[in-house]
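The exercises below concern the structure shown next. Please attempt each task before reading its solution.

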Amino acid sequence: MGNVSSNNENQYEKLIRLLEEQLAQTNQQNKELSKKLDQSLKQNEALTEQLRHLTKLLYGSKTEKTKYNAPDGQGSLFDDDPSFSESEHTEEQSQQTISYTVVRKVQKKKRNDSLHDGIEVEAVHHHPKNTMCDCCQGQMIEIGSTIVREEAEFIPARMKKVQHIEHAYECKNCKGDPFQKAQIKRGKAPQAPIQRSISSPSVLAKVIYDKFMQYLPLYRQVKEWERYGLTTNDKNLSNWVIRAAHDWLSPIYEQMKHLMMAKSVLHVDETYAQIINRSDGKSGQTNAYNWVFRSVPCQGPIITLFQSSLSRARSVLEDFIDGFSGTIVCDGYSAYDKLKGVTFANCFAHIRRYWLKADSKNGQTGVNYCDDLYRLERKFKHLSPSKRRKKRQKYSKPIVDKFLEWVETSPFYGKNALAKAAEYTLNRANGLKTFLNDGRIEIDNNPAENAIRPSVVGRKNWIHSVSEAGAKANAICLSLAETAKANGVDFYRYLLKLLTDLPNLDIYQHQEILNQYMPWSKMIQAECGSKIK
């Protein structure tokens, strides 16, 4: 009996151990399943939020303004509570009638379309066909006239062939004297911008102007040139642009770059582009990039320069700003970091955009902090850099400190939009404080983003550059176009001046001549200043 009892106990113990192992295994499986369930729920939440954001992008408002912003920068206190927008009905109020008298000033309607001053005026007079009186058959006399309408008449451009003929003169007296050397003088035609080419400065200026100011691709210009009387093709036009940019516009570009690198504050941004024939062996479908560099108004005339490159690497930025020392205002891209002699200021517009995407109560709190800073910046806009710095230290700094402290102490975790906004903000905390210590620095990188828009608009029309030389020419032409526009210079007249004068000047031996051809120089302002107001 004792042996039977002992065997039963051993079996019970084995059974208990087996059940305990099964229970432990089941508990472990439950923990793993719970962990997977939590991950799935978080992933589902992130995907739901992403779907809501994409739906909003597709069907919602495209503006970054919020419903809390009024046109004057003041927030409405009553938009969220319907009780403030509904009228209170009382017997006394319902019986009361209030009348208002509104006096409106009659304003003369101004036309949106009008001709500039100085336009040639042609008067077309319309007299009666018969000036004899129908009653007495006597001659009628004019008693007045009325201008019944004014209209704009377009005179299409026309093409003409210009032949440059050099004439030679000889002195007959000296020729007849055996002791005198023959005297011959010859007229000299001005140098052409492109040798052995039919293109003149006016044709080149028109081609470049249409492409980089009207965003008209070269292949679409061919038909227009044929209408004018010039038969050509897009390959010829492309070669003309490349040669003109390399020979005559590039020295102006390099001089602008030299002046820009002497400044201490720059805005920098980049956008993708496409180059078909790449020297790095990569496919033409691989992204190339256009970088833009823009100076600030408080440091002299505005300069906007584009740089074409095959990559977005930090080395591209390092090569371009070689010799620069100061502050670069930029977005949060990792290439903008840890460069010798350079301080980086980050962009509050990007920060605000991240919090706006969160689309929640906490997201709106982040947006409100940014809006408070922008409201102050509008007040400080017209102050001198030193006064703006003092105002920022007094009013903006407490908001920035409070904003960063709120982000750091709030429990934003996971991969949702709110957590991404918090991480993006904290990773750039030092760069977000830079503008507080220097009144020359803007709160955001909007000047660079606005400057790079022509490259984006052009990309939609030009689609791609066939070669790296073409992409470089595009960058040079865009640089001169945007810098001329920023300094109030008519780009076509500026190009015509450059392509007419520079081929006949020794600019490579005497580079100081180029200073006279900067868009802000007195000569260029006087001859090429824009007449469009």
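Helices (DSSP runs of H or I, at least four residues) and strands (DSSP runs of E, at least two residues) are numbered from the N terminus. The model is a predicted one, in which local features need pLDDT of at least 70 and side-chain atom pairs count only at pLDDT 80 or more, while totals for chains, interfaces and linings use all residues. Residues are numbered from 1 along each chain as its sequence is written, and side-chain values use heavy atoms, with hydrogens and water left out.

**Exercise 1. Overall description**

Task: State how many helices and strands there are in the protein, and what share of its residues is buried.

Solution. Step 1: the protein contains 18 helices and 8 strands. Step 2: of its 533 residues, 36% are buried; buried means under 20% relative accessible area, exposed over 50%, and partly exposed in between, with a 1.4 Å probe and protein chains only. Step 3: the accessible surface, computed by the Shrake-Rupley method with a 1.4 Å probe, is about 36,600 Å², and carbon and sulfur atoms hold 51% of it. Step 4: among contacts (heavy atoms within 4.5 Å) between residues at least 6 apart in sequence, 65% join residues at least 24 apart.

**Exercise 2. Surroundings of A451**

Task: Locate A451 in the secondary structure and list its contacts beyond four places in sequence.

Solution. Step 1: A451 belongs to helix α14, residues 446-451. Step 2: because its relative accessible area is 7%, A451 is buried. Step 3: its contacts outside four places in sequence are V292, R294, T304 and F306. Step 4: T304 is 147 residues away from A451 along the chain, yet their C-alpha atoms are separated by 7.2 Å.

**Exercise 3. Pairing of strand β3**

Task: Identify the strands that pair with β3 and the sense of each pairing.

Solution. Step 1: two strands pair if DSSP finds at least two bridges between them. Step 2: β3 (residues 265-277) and β4 (residues 287-295) run antiparallel and are joined by 9 bridges, V268 being the bridge partner of F293 in β4. Step 3: β3 also pairs with β6 (residues 326-330), in the parallel sense over 3 bridges; here V265 has T327 as its partner. Step 4: with β8 (residues 465-467), β3 shares 2 bridges in a parallel arrangement, and N277 is partnered by S467.

**Exercise 4. Two buried charged side chains**

Task: For K497 and R392, give the burial and a polar partner of each.

Solution. Step 1: K497, in helix α17 (residues 491-501), counts as buried because its relative accessibility is 15%. Step 2: a polar contact is a pair of N or O atoms within 3.5 Å; within protein, one must be able to donate a hydrogen and the other to accept it, and residues adjacent in sequence count only if both atoms are side-chain atoms. The side chains of K497 and E527 form such a contact at 3.0 Å. Step 3: beyond four places in sequence, K497 touches Y517, M523, I524, E527 and C528. Step 4: R392, in helix α11 (residues 385-409), is buried at 0% relative accessible area. Step 5: a polar atom of the R392 side chain lies 2.8 Å from the backbone oxygen of F435. Contacts of R392 beyond four places in sequence include E377, D438 and E442.

**Exercise 5. Packing of helix α17 and the cores**

Task: Name the buried residues of α17 and elements that cover them.

Solution. Step 1: F491, Y494, L495, K497, L498, L499 and D501 are the buried residues of α17. Step 2: their cover includes α5 (201-212), α7, α16 (468-486) and α18 (522-528). Step 3: at the start of α17, a side-chain oxygen of D490 comes within 3.0 Å of the backbone nitrogen of Y492. Step 4: a nonpolar core is a set of buried Ala, Val, Leu, Ile, Met, Phe, Trp, Tyr and Cys residues joined through side-chain atoms within 4.5 Å. The largest has 71 residues, of which I208, L249, I252, I321, L480 and Y494 touch the most other members. Helix α7 (residues 234-261) supplies the largest share of this core, 12 residues. Step 5: another core, of 36 residues, lies apart from it, with A358, A429, L432 and I441 among its members.

**Exercise 6. Cysteines**

Task: Determine how many disulfides the structure holds.

Solution. Step 1: a disulfide is a pair of cysteine sulfur atoms within 2.5 Å. Step 2: a search of the whole structure finds 0 disulfides. Step 3: the sulfur of C133 has its closest cysteine sulfur in C136, at 3.9 Å, and is therefore too far for a bond. Step 4: for C330, the closest cysteine sulfur is that of C347, 8.8 Å away, so this pair too is too far for a bond.
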